[in-house]
Amino acid sequence: MRVGVCYFPEHWPAERLGRDIERMADAGLQYVRMGEFSWSRLEPEPGELDFEWLNEAVSVIGEHGMQAVLCTPTATPPKWLVDEYPGIRQEEADGTPRHYGSRRHYCYNSEIYRRETRRITETLAAAFADDPAVAGWQTDNEYGCHGTIRCYCDDCATAFRQWLKEKYGDIETLNESWGNAFWSQELNSFAQVDPPRHTAADHHPARLLDYYRFSSDSVVEYNRLQTDLLREANDDWFVTHNFMGHFGALDAYDVSADLDFASWDSYPTGHVQERSTAATSAQLRAGDPDQIALNHDLYRSATGSPFWVMEQQPGDINWPPYSTQPGEGAMRLWAQFAAAHGADVVSYFRWRQCRMGQEQYHSGLLAPDGSPNRGYHDATQASTEFDELLCDRAEGGDGRTPRIPEANVAILHDYDNLWALEIEPNTPNFDYWEHLETYYAALQARSVTVDIVPPSTELADYDAVVAPTLYLVDDRLAERLDSYVRSGGELLVTMRSGVKDPYNKLHETQQPGPLTDLLGTEVTRFESVPERIESSVGYGGERFACHVWNDWLSPVSDSADVVGRYVGELADGEAAVVHNTVGDGSVVYVGTWPEASLADELVDDLLTRADVKTTPRLPNQVRMAQRNGLTWVTNFSSDPVTVDIGADARWLVGDESVDSYDVAVTDAAPATLSVQQQERE
């Protein structure tokens, strides 16, 4: 658990370098990330390399006992490269090139750009291969930012045809798999396949889904080019990449297979505005803890190892609709919250607020004049507290280096399902991330540690599994889930599952297709539910609101019981929730999108059946997480909370009074704590 910072020495006079790095060391920072947007400074003219400024920065960082994290500069190809090879640029679906003047304007499938990427990466890696101050590398920067995963240029067309040929073998198989008889879309050869460029009506959903897969695979291949080169230069370096929050266009599991650990960029007050039009005032000050934690757990689970927050919000930021000031202490709260969920390093973006370019209104730990900003004090406090926690674990605790939290509950998360539902949402209100978060938030409210994993993961070690909207299902997945439940697992599957096969075609059998025997029910009808139609479910003797989507269920197994029914409107009396016993375990199918209180009841019943220890439901915006025998109590609300830990426990950070946007750490287990929220007078 360490603190770092992102630094851009190329943005400041050279004589400022030594003083800047000295101040970083004085602040207790351990890692300094550099170089991700510096190609024009590293190579101002073709073949004229200038690494001296970066080498000097790395040297001074090492002299102060810190370590450098270098980045390949490929997110920003310089103007001379674009002028010499204009074909390296991405193209929009309508053929418009993405011009120079911003960032991320290159195509992953350009052979010329891959050649140039190889050249600059090899050269940089060789230059720093023997430097002990370099701890590792970040590849590129935020793959896909600004909608740049999918390109539609001629290079992508050629690569897509080859990708399809390798997948399907012959064009007849592709035609059959996609269902190209529809609208006269049958093809005679792979040469006839084009990217899904601008058309008069919607594209074929199978074609789109494969293009989304191909585009993600293109990034995976491009990233692997870089990771291989870096490891060839020095296999002691770590290699990571900084992903983004709630980002669906890129399969992070596939990319992470080539990384030592995953990183992501956390901007809580910006992300909550992106994800919600009804953010509370407290969320505008500190973000939504469940949105933040979901990404922590996703990127921790992606490699099964501690992750980094490579960019942590340092204060107010420039890109969301409103540049709200974070609550007092929020920047420290975010660092501690990340550590609780398995982060080894939290790196603030950036050291000093820039005086030029597109990010002038993005704050730093220092103001443009070098004076400390609010985030500076939070970062230094977090660094001091991490040191104290590490010393306590080494001297008075169990002596282990803090590793990842241990989870006995998993949520299945799948990019293929996400893409297929984006292609055909069937309602403007369906959002894959939001639906997943409905159940994730219910688990977090009861202090359950969760792994976010793809459906291909071995599930035997999990006591309970939540599977939100398994839209694309084949026999193999159905058999794996059946085996998990028969062996004693407790499974919760939600609406719109088993709808299509992996080629994005409807199953010949009634929904939920291959899952029917396991779930013990069929879907007789379904409907998307606009806000003007009131929808509710009776469950556990109470009535709860539901929304967005309703599957009407009909049990087909003697072991299946209806435990929830729709109330009122056209679906009145129809089954909404079905429980089925299978072998030594059981599965529940929830045919609707539940309101938060119903999701809480469903999750509570699941955890009870699985005998998973939980806490009572925590107050809104208050969360607890456990790592390495310590429990973090994090308060993202504007009201203070009081925590009772009992006589045998102790506080390591803070005490029983946890103020707004505050955090406390204890060695007591979450289930032994009592949390009471206090309203301010």
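Select V548 in this predicted model. V548 counts as buried, because its relative accessibility is 5% and buried means under 20%. The residue is placed in strand 16, which covers residues 542–555. Its phi is near 70°, a positive value in a residue other than glycine. Most residues other than glycine have a negative phi.

Next, select H146, where phi is also positive. The value for H146 is near 70°, again in a residue other than glycine. H146 is found in the loop that runs between strand 4 (134–138) and helix 6 (154–168).

**The parallel sheet**

Strand 4 leads to the next stop. Display strands 1 to 9, which form an open sheet in the order 5-4-3-2-1-9-8-7-6, with parallel pairing. At its edges stand strand 5 (238–240) and strand 6 (242–244), each of which pairs on one side only. On average, neighbouring strands of this sheet are turned by 30° against each other, with direction ignored.

Now select strand 2 (residues 31–34) together with strand 3 (residues 67–71); 4 bridges pair them in the parallel sense. To find one of these bridges, select V32, whose partner in strand 3 is A68.

Move on to strand 9 (residues 343–348). Is this strand enclosed or open to the outside? Since 6 of its 6 residues are buried, strand 9 is largely enclosed by the rest of the structure. Strand 1 (residues 2–6) pairs with strand 9 in the parallel sense over 4 bridges; select R2 to see its bridge partner V345 in strand 9. Strand 8 (residues 307–312) also runs parallel to strand 9 and is joined to it by 4 bridges. Here F307 has A343 of strand 9 as its bridge partner.

Add helix 13 (residues 330–340) to the selection: strand 8, helix 13 and strand 9 make a right-handed β-α-β unit. Within helix 13, pick M331. M331 counts as buried because its relative accessibility is 0%. The C-alpha atom of M331 is separated by 7.0 Å from that of Q313, although the two residues are 18 apart along the chain.

**Two cis peptide bonds**

Follow the chain to F349 and R350, where the peptide bond is cis, with omega near 15°. R350 lies in the loop between strand 9 and helix 14 (374–395). Then select Q511 and P512, which are joined by a cis peptide bond with omega about 15°. P512 is found in the loop between strand 13 (490–494) and helix 18 (516–519). Most peptide bonds are trans.

**The second largest pocket**

Select Q283, D288, E434, E437 and A441, which are the closest to the centre of the second largest pocket among its 29 lining residues. The volume of this pocket is about 920 Å³. Which helix gives the largest share of the lining? Helix 16 does, with 5 residues; select residues 432–444 to show this helix. Other elements that give two or more residues include helix 12 (289–303) and helix 19 (596–610). The lining divides into 10 nonpolar, 9 polar and 10 charged residues.

**The antiparallel sheet**

Finally, display strands 25, 23 and 27, which form an open sheet in the order 25-23-27 with antiparallel pairing. Strand 25 (657–658) and strand 27 (674–677) each have a single partner strand, so one side of each is left without a neighbour in the sheet. Strand 23 (residues 641–644) pairs with strand 25 over 2 bridges. Select T642 to end the tour: its bridge partner in strand 25 is S657.

Technical notes:
Residues are numbered from 1 along each chain as its sequence is written. This is a predicted model: local features need pLDDT of at least 70, side-chain atom pairs count only at pLDDT 80 or more; totals for chains, interfaces and linings use all residues. Side-chain values use heavy atoms; hydrogens and water are left out. On a 1 Å grid over the protein atoms alone, a cavity is a set of points where a 1.4 Å probe fits but cannot get out, and a pocket is an open set with protein on both sides within 12 Å along at least five of seven lines; lining residues have an atom within 4 Å of a point. Grid points are joined across faces, edges and corners, and a volume is the space filled by probe spheres set on the points. Ala, Val, Leu, Ile, Met, Phe, Trp, Tyr, Cys and Pro count as nonpolar, Asp, Glu, Lys and Arg as charged, and the others, Gly among them, as polar. Two strands pair if DSSP finds at least two bridges between them. Axes are lines fitted to C-alpha atoms, for helices over the stretch in contact, and angles run from 0 to 180 degrees between N-to-C directions. Buried means under 20% relative accessible area, exposed over 50%, partly exposed in between (1.4 Å probe, protein chains only). A crossover is right-handed if, with the strands pointing away from the viewer, the path from the first strand over the helix to the second runs clockwise.
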